[in-house]
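Biologist: Please take a close look at one part of this model, the aromatic side chains and what surrounds them. I would like a single connected account that begins with one ring pair and then works outward from there.

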Amino acid sequence: MSGAFFRVDKFVVPAAAREEFLVNVMMTHKLLEAQDGFIDHKVLEQVAGPGEFNFVTIAQWESADVVEHVRAAVAAAHKAANFDPQEMFARLGIRADMASYKPVAA
């Protein structure tokens with residue numbers, strides 16, 4: 001798939017889990033910045049409104065073609081750091097909604 005490509009992950013993070021969650025998100029995003037095809041990323045924290053997701057991360061890539069390489073690089077780095085995101089989510093009570101998006105043609 002050519003053209004801009006986005007990974008948007010939304011999280012419900014209990015207050016007690018905030019610090020550990022953010023440390024690991026920032027570690028992962030530093031790794032993303034070093035990958036070929038990386039354009040930009042944001043980590044957003046909800047400050048108002050009724051939405052249930054209090055954190056959103058958005059990573060922008062040149063195209064969907066780079067995503068498999070990035071996914072493998074992130075998995076290898078997590079394994080090397082002995083970090084299991086699914087274990088952390090379960091232990092801290094974090095719920096996630098993760099998906100990939102493409103821009104809608106105007």
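Modeller: F38 and W61 are both buried, and this is a statement about a predicted model. W61 is also touched by V66, which is in contact with D36 and G37 as well once residues up to four places away in sequence are set aside. V66 belongs to the loop between β3 and α2, and its relative accessible area of 13% would be the wrong figure to attach to it, as that value belongs to V74; for V66 the value is 16%, which makes it buried because the limit is under 20%. The C-alpha atoms of V66 and P14, by contrast with those contacts, are 32 Å apart, with their positions 52 residues apart in sequence.

The ring pairs come next. The structure holds four aromatic pairs. One of them joins F21 and F55, whose ring centres are 5.2 Å apart and whose planes meet at 55°, so that the pair counts as tilted, the angle being neither under 30 nor over 60 degrees. This pair brings together distant parts of the chain, with F21 in helix α1 and F55 in strand β3, 34 residues apart. F21 and F55 are each buried. In the pair of F38 and W61 the ring centres lie 5.6 Å apart and the planes stand at 75°, so this pair is edge-to-face. Here too the link is between distant parts of the chain, F38 being in strand β2 (residues 38-45) and W61 in strand β3, 23 residues apart. F21 and F55 also belong, together with F11 and F89, to one aromatic cluster. A further ring, that of F53, has K10 over its face, at 5.5 Å from the ring centre.

Two residues of the strands help to place this cluster among its neighbours. E45, in strand β2, touches F55, and its other contacts beyond four places in sequence are R18 and N54. E45 has 39% relative accessibility and therefore counts as partly exposed, as this value falls between the limits of 20% and 50%. The C-alpha atoms of E45 and F11 are 9.7 Å apart, although 34 residues separate the two along the chain. T57, in strand β3, is in contact with F11, and its list of partners outside the four nearest places in sequence also holds R7, V8, D9, V25, H29, K42 and V43. With a relative accessible area of 5%, T57 is buried.

From here the account passes to the largest pocket. Its volume is about 630 Å³, and it is lined by 27 residues, of which R7, D9, T28, V74 and H78 lie nearest its centre. Two or more lining residues come from each of β1 (5-12), α1 (18-33), β3 (55-61), α2, α3 (85-92) and β4 (95-101). By type, the lining divides into 16 nonpolar, seven polar and four charged residues. R7 and D9, two of those nearest the pocket centre, are also among the contacts of T57.

V74, another residue nearest the pocket centre, sits in helix α2 (residues 67-80). V74 is buried because its relative accessible area, 13%, is under 20%. Apart from residues up to four places away in sequence, V74 touches T28, L31 and L32, and T28 is itself named among the residues nearest the centre of the pocket. V74 and Q35 have their C-alpha atoms 9.5 Å apart in space while lying 39 residues apart in sequence.

One backbone detail remains, at N82 in the loop between α2 and α3. Most residues other than glycine have a negative phi. N82 has a positive phi of about 55° although it is not a glycine. With a relative accessibility of 74%, N82 counts as exposed, because the value is over 50%.

Notes: Residues numbered from 1 in each chain as written. Predicted model: local features only at pLDDT ≥ 70, side-chain atom pairs only at ≥ 80, totals over all residues. Heavy atoms only, no water. Helix = DSSP H or I, 4+ residues; strand = E, 2+ residues; numbered from the N terminus. Buried < 20%, exposed > 50% of the residue type's maximum accessible area, 1.4 Å probe, protein only. Contact = heavy atoms within 4.5 Å. 1 Å grid on protein atoms, 1.4 Å probe; cavity = no way out; pocket = protein on both sides within 12 Å on 5 of 7 lines; lining within 4 Å. Points joined across faces, edges and corners; volume = space filled by probe spheres on them. Nonpolar A, V, L, I, M, F, W, Y, C, P; charged D, E, K, R; others polar. Phe/Tyr/Trp six-rings, centres within 6.5 Å; stacked < 30°, edge-to-face > 60°. Lys NZ or Arg CZ within 6 Å of the ring centre and 35° of its normal.
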